[in-house]
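Let's take a walk through this model together, one selection at a time. Keep your viewer open and follow along.

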Amino acid sequence: QAGRDVMRERDRLQASEARFREEAEQSRELLARDWSFGRFVGRSAAVRELESQVRKAAATNFPVLLLGETGTGKSILARVLHHSGQRADQALVTVFCPSLEKGMVEAELFGHRKGSFTGALADRLGKVPAADRGSLFLDEIGELPLEIQPKLLRLLQERTYERVGDPEERKADVRVIAATNRDLDQEVREGRFRRDLYERLNFVPLRIPPLRERVEDIPLPLRHA
């Protein structure tokens, strides 16, 4: 029975790693042809200003924080930033923070070593190493547990991390793009988000205006429906 469990876990992890690599390959295939700012519908002055900011941010490797309400197009702009930048031929790996399994967030992000906890029957690749040399998109970063935030800060500052159950320091060169619909400044004041991490992520903030602030764009999405 134990042998079968090990084999099942090995097969599951291999399938998971294959999925990571398939997502990376799909990201490379989309590239600039499909992920240009033209996918972000709008011709208002606010959208044109946002386009200028996105182009400038894409040309750098600094962290970007996308600020906006749900449905304003943050995930589209994350892809535009990646595919318009210096890492366009590398992987874009997305992490939807609210979906991370409680108690498994660190292993999901950084990977784990076989035997590091009950059920860890094989080594596991995390999202961070999967994004090495590419971009890591942390969607709804405000949902990231407080205890994991110092590890993300370390990755941003030193480009190093450790797998769960493995003391070996590893390196990952990732460009971090984060997005949130929360007021992270308020989250910091209330003790739910680290100020040092917020300041690091907020290096290049991009606010995405909702449609009610650019009413001249409302007919355009209807024509693209």
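Start with the whole chain in view: of its 225 residues, 45% count as buried. This is a predicted model, so colour the chain by pLDDT before going further. The chain average is 82, and 74% of the residues score at least 70. To see both ends of the scale, select two elements in turn. Strand 6, residues 175-180, has the highest mean pLDDT among the elements, at 97, while helix 9, residues 219-223, has the lowest, at 51. Then pick residues 29-35, where pLDDT stays under 50; for that stretch the model has 13 contacts beyond four places in sequence.

Now switch to a cartoon. You should find nine helices and seven strands. If you turn on the surface as well, the accessible area comes to about 11,800 Å², with 49% of it belonging to carbon and sulfur atoms. Contacts reach across the sequence too: of those between residues at least 6 apart, 74% join residues at least 24 apart.

**The sheet**

Next, select strands 2, 3, 6, 1 and 7. Taken in that order, these five strands form an open sheet with parallel pairing. Strand 2 and strand 7 (204-207) are the edges, each pairing on one side only. Look along the sheet and you can follow its twist, which averages 20° from one strand to the next.

Zoom in on the strand 7 edge. Strand 1, residues 64-67, runs parallel to strand 7, and four bridges join the two. Show L67 here, and you will find R207 of strand 7 opposite. Add helix 2, residues 45-58, to the view: this helix packs on the sheet and touches strand 1, strand 6 and strand 7. The direction of helix 2 makes about 155° with that of strand 7.

**The nonpolar cores**

Time to look inside. Which residues touch the most other members of the largest nonpolar core? Select L109, L138, I141, L144, L152, F193 and L201, which hold that place in a core of 33 residues. Several elements give two or more residues to this core, including strand 2 (92-96), strand 3 (135-139), strand 6, helix 4 (105-110) and helix 8 (195-201). The largest share, four residues, comes from helix 6.

Stay with L201 and display its surroundings. Beyond its neighbours within four places in sequence, L201 is in contact with P63, V64, L65, I141, L156, V176, A178 and F193. Apart from the largest core lies another one, of 17 residues; to locate it, select A58, L77, A78 and L206, which are among its members.

**Two backbone stops**

Finish with a pair of loops. Most residues other than glycine have a negative phi, which makes the next two selections worth a look.

Go first to R133, in the loop between helix 5 and strand 3. Phi of R133 is positive, near 75°. Is R133 buried or exposed? Its relative accessible area is 52%, so R133 counts as exposed.

Then move to E140, in the loop between strand 3 and helix 6. E140 is not a glycine either, yet has a positive phi of about 55°. Is E140 buried or exposed? With a relative accessibility of 11%, E140 counts as buried, because that value is under the 20% cut-off.

Key. Residues are numbered from 1 along each chain as its sequence is written. This is a predicted model: local features need pLDDT of at least 70, side-chain atom pairs count only at pLDDT 80 or more; totals for chains, interfaces and linings use all residues. Side-chain values use heavy atoms; hydrogens and water are left out. pLDDT is the predictor's confidence in each residue, from 0 to 100. Contact means heavy atoms within 4.5 Å. Buried means under 20% relative accessible area, exposed over 50%, partly exposed in between (1.4 Å probe, protein chains only). Accessible areas come from the Shrake-Rupley method with a 1.4 Å probe; for residues, only the protein chains shown count as cover. A nonpolar core is a set of buried Ala, Val, Leu, Ile, Met, Phe, Trp, Tyr and Cys residues joined through side-chain atoms within 4.5 Å. Two strands pair if DSSP finds at least two bridges between them. Axes are lines fitted to C-alpha atoms, for helices over the stretch in contact, and angles run from 0 to 180 degrees between N-to-C directions.
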